[in-house]
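Student: I'd like a close look at one part of this model, and then a walk through whatever else helps me place it. Can you take it slowly?

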Amino acid sequence: MRIFLDTANLDEIRKGAAYGIVDGVTTNPSLIAKEGVPIEEQVKRICEIVDGDISAEVVAIEAKAMISEGLKLAKIHKNIVVKLPLIRDGIIACSALSKEGIRTNVTLCFSPAQALLAAKAGAYLISPFVGRLDDIGDVGMDLITSICKIYKNYSFKTQVLAASLRSPLHVVQAAEAGAHVGTLPYKVLDMLFNHPLTDKGLEQFLKDHAKAFEAK
Ligand code: E4P
């Protein structure tokens, strides 16, 4: 499973990239707004830090405007993936941009039926939101399982990007379900490292080594 960071914060992206395990970054209009920098500028900076897929989302909601915004975003850097909301006009824009060879990430996906439409429109990535479904009492992970099954049945090339992952358990379950990508807030990436037995084991190793070899 590829790992993306779900943030537009440059410090978090630098810290995550330093591990050498980050394959891309997803942003959305809320994450960009939090940084207070125009999207063109911010995603350009992100592209300089991470050499991988960088999702940049349009804010237009009418197909023609989405297409021209998408074309502009795609020109910023070769690694930009144009993110489009899963509404009717978003699917029209996805079909048009895909035909132009521009890679798209269709976002705000909450049902397998919606995911089917995105794949038919040639989306490069589909972003089903796990955590937001959990928030309303659904089992968000079931959506990942269902989409992976449907895409496999028909050999769709669209990759499943498990989004809105809020915990290490979400990450593991998304990997088990067969998601191609998981996008994680920096906090969740950091939590993946933790295990008390690793800390305890290392402490003991160092203690034993010091006892045997360090001057008394
Ligand atoms: C991904 O592309 C989304 O922007 C993100 O994962 C949403 O996560 P949230 O539901 O925690 O805001």
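Student: Where is the place of D208?

Tutor: D208 sits in helix α11, which covers residues 196–213. Before going further, two bits of housekeeping. Residues are numbered from 1 along each chain as its sequence is written, and side-chain values use heavy atoms, with hydrogens and water left out. This is a predicted model, where local features need pLDDT of at least 70 and side-chain atom pairs count only at pLDDT 80 or more, while totals for chains, interfaces and linings use all residues.

Now back to D208. Its relative accessibility is 41%, so it counts as partly exposed (buried is under 20% relative accessible area, exposed is over 50%, partly exposed is in between, with a 1.4 Å probe and protein chains only). D208 and D23 are 185 residues apart along the chain, and their C-alpha atoms are separated by 38 Å. For scale, the C-alpha atoms of the chain fill a box of roughly 75 × 40 × 30 Å along the principal axes. The chain has 216 residues, and 44% of them count as buried.

Helix α11 belongs to a set of eleven helices and eight strands. Those names come from DSSP runs numbered from the N terminus: H or I over at least four residues for a helix, E over at least two for a strand.

How do some of the other helices pack? Two packed helices are described by the angle between their axes and the distance between the axes. Here the axes are lines fitted to C-alpha atoms, for helices over the stretch in contact, and angles run from 0 to 180 degrees between N-to-C directions. Take α1 (residues 10–17) and α3 (residues 39–49): their axes come within 10 Å and cross at roughly 15 degrees. That makes α1 roughly parallel to α3 (roughly parallel is under 35 degrees, roughly antiparallel over 145, roughly perpendicular 65 to 115, and the rest oblique). The α1 and α3 crossing is right-handed, meaning that the near helix is turned clockwise from the far one by less than a right angle; anticlockwise would be left-handed.

Next come α8 (140–153) and α9 (residues 168–177), packed at about 20 degrees with axes 9 Å apart. So α8 is roughly parallel to α9, and their crossing is right-handed. With α4 (residues 63–76) and α5 (residues 88–99), the axes come within 8 Å and cross at roughly 45 degrees, so these two are oblique to each other. The crossing of α4 and α5 is right-handed.

The loop leading into α4 from β3 (53–57) holds E62, which is partly exposed because its relative accessible area is 41%. E62 and I92 are 30 residues apart along the chain, with C-alpha atoms 9.3 Å apart.

After α8 comes a loop to β7 (159–162), and S155 is in it. S155 is not a glycine, yet its phi is positive, about 50 degrees. Most residues other than glycine have a negative phi. At 60% relative accessibility, S155 counts as exposed. F156 is found in that loop between α8 and β7 too, but at 23% it counts as partly exposed.

Strand β5 has a positive phi as well: L108 is placed there, with phi near 60 degrees. L108 is partly exposed, at 34% relative accessibility. In strand β6 (residues 125–128) you'll find S127, which counts as buried at 2%.

Finally, the largest pocket has a volume of about 530 Å³. Of its 27 lining residues, the closest to its centre are D6, N28, L31, R132 and S164. A pocket here is an open set of points on a 1 Å grid over the protein atoms alone, where a 1.4 Å probe fits, with protein on both sides within 12 Å along at least five of seven lines; lining residues have an atom within 4 Å of a point. Grid points are joined across faces, edges and corners, and the volume is the space filled by probe spheres set on them. α2 (29–35), β5 (104–109) and α10 (186–191) each supply at least two residues of the lining. By class, that lining has eleven nonpolar, eight polar and eight charged residues (nonpolar: Ala, Val, Leu, Ile, Met, Phe, Trp, Tyr, Cys and Pro; charged: Asp, Glu, Lys and Arg; polar: the others, Gly among them).
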